[in-house]
Amino acid sequence: MTSTLSTAIIAKRDDLIALTQDLIRIPTLNPPGQDYRLICEYLDTRLRKHGFETQLIRAFGTPGDSEKYPRWNIIARREGRRAGECVHFNSHTDVVEVGAGWTFDPFGAEISDGKIYGRGTCDMKGGLAASIIAAETFIEQHPDFSGAIEISGTADEESGGYGGVAYLAEHGHFNPDRVQHVIIPEPLQKDRICLGHRGGWWAEIETKGEIAHGSMPFLGDCAVRHMGAVLSEFENKLFPAMAARHTDMPVVPEGARSSTMNINSIHGGQKENDPDFDGLPAHCVPDSCRITIDRRFLLEEPLDQVRGEVRALLEGLRETRVDFEYELTELNSVLPSMTDRDAQVVQTVAHAIEDIMGKPPEYVASPGSYDQKHIDRIGKLKNCIAYGPGLLELAHKPDEYIGIDDMVDSACVMGAALETLLLPKD
């Protein structure tokens, strides 16, 4: 990296802080999909001032899109002075619910001990801000660069990305003829390169019963007890089987190198009463019980196997348990994604990290999926990584924060990558 560009990025520390704070103070909560248009308009104003041509794109008809909560995205493109390849920085603009336990204002963007606090600081508005500062400063220092730079702010990553990157990929915005390198500034730490992620399979299982008076449960059939049998099968068979499987993917943390499954929710019998209801429950045998499962699987596991082993356990119960009936509904599935370590964007960012930080990067894979899945599977673009500032374990937690020094260092790495990819070779 040229010392001139590095010095210029470091000199924009205050601008980087202010930009991050502005983004945090726009509460783009998902669900329901709040203020997507507002943050796109903010980015539009900012990037147009630096010579980018922008498009605001609504993902009509995608999950959650409505007149009240439209799914807005922005793509900004700055053309160089001669032909060349395009480097695209993609960041999602949505953040998850606040949750309890905060000691800072979740949308106050307060600074304390060299950190900016707020919902979405590390996941991933700090990374978005770092990519903007890197791109703007690179253009100022190298106005005769080749190719193009794109910056996108996209919706709904936290709920699957279907109103964001998936929609844009379906409409050709990540076509390899248009974009050649993608960097997603997710918070995987400033000295790590994330090559991909595990797969995911989400499903709902419902056990069926028959309603009856609670004083005579033998006249009915308790769906909750049937679900207890399902959970017992999971505990005794599925969870041990998953724990015994291991991947060659460099997934972090270590526990995620095995297959995992989370039971997201369980609902059985009567609906919960409103908080202001102080009456007593009716006496009924529950005729339905539902769980939602979140199954994360490895590159080495076929999706059909993941589905099949759950179905096999349920069918086994149907054969052995009296009156056991169930319904299995798939909610969503995502295949694992991995970029080759020798890919150009990987090696470019690796050299930049070593140049800026004086040590080689760690190569990792994410335990959860992110928008690389859509760039890979729909866009057919393999030259894609996640690289950005922040600690992954802070994502979705109370008192989420981003280190200011980490943002500056990551912006320098991004700037160095742009120099390698978009400047003429000596």
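This passage walks through a few local features of the structure, which is a predicted model.

Helix α7 makes a handy starting point. This helix covers residues 303-320, and its 18 residues should span 26 Å at 1.5 Å a residue. The C-alpha atoms at its two ends do turn out to be 26 Å apart, in agreement with that expectation. The buried residues of the helix are L303, V306, E309, V310, L313, L314 and L317. Looking down the axis of α7, these buried residues fall within an arc of 165°, so they line one face of the helix. On the other side of α7 sit D304, E319 and T320, which are exposed. As for what covers the buried residues, the list includes two strands from either side of the helix in sequence, β11 (288-297) and β12 (326-334). Strand β9 (199-208) and helix α6 (223-243) also belong to that cover.

Just ahead of the helix comes P302, in the loop between β11 and α7. With a relative accessibility of 45%, P302 counts as partly exposed. Its C-alpha atom is 8.8 Å from that of L335, although 33 residues separate the two in sequence.

Strand β11 also contains T292. Is T292 buried or exposed? Its relative accessible area is 18%, and the cut-off for buried is under 20%, so T292 counts as buried. Leaving aside residues up to four places away in sequence, T292 touches A203, E204 and L331, along with N262, I263, N264 and S265.

Next comes strand β8, residues 192-197, where 6 of the 6 residues are buried. What does β8 pair with? One partner is β14 (residues 362-366), which runs parallel to β8 and is joined to it over 4 bridges. Another is the strand β13 (residues 337-338), which runs antiparallel to β8 and is linked to it by 2 bridges. H197 takes part in both pairings: its bridge partner in β14 is S366, while its bridge partner in β13 is S337.

R71 offers a look at a loop residue, as it is found between β1 (53-58) and β2 (72-79). Despite that loop position, R71 counts as buried, at 3% relative accessibility. What does the side chain of R71 meet there? A polar atom of this side chain lies 2.8 Å from the backbone oxygen of P32. The R71 side chain also makes a polar contact of 2.8 Å with the side chain of D156. E136, by contrast, is a distant point of reference: its C-alpha atom is 26 Å from that of R71, with the two positions 65 residues apart along the chain.

Finally, there are the cysteines. A disulfide is a covalent bond between the sulfur atoms of two cysteines. How many disulfides does the structure hold? The count is 0. C40 is accordingly in no disulfide, and the nearest cysteine sulfur to it, that of C86, is 18 Å away. C40 counts as buried because its relative accessibility is 0%. For C384, the closest cysteine sulfur is in C194, and at 9.4 Å the two sulfurs are too far apart for a bond. C384 is buried as well, again with 0% relative accessibility.

Note on methods:
Residues numbered from 1 in each chain as written. Predicted model: local features only at pLDDT ≥ 70, side-chain atom pairs only at ≥ 80, totals over all residues. Heavy atoms only, no water. Expected span 1.5 Å × (residues − 1). Buried < 20%, exposed > 50% of the residue type's maximum accessible area, 1.4 Å probe, protein only. Arc of directions from axis to C-beta. Contact = heavy atoms within 4.5 Å. Polar contact = N/O pair within 3.5 Å; in protein donor to acceptor, adjacent residues only side chain to side chain. Disulfide = S-S within 2.5 Å. Pairing = 2+ DSSP bridges.
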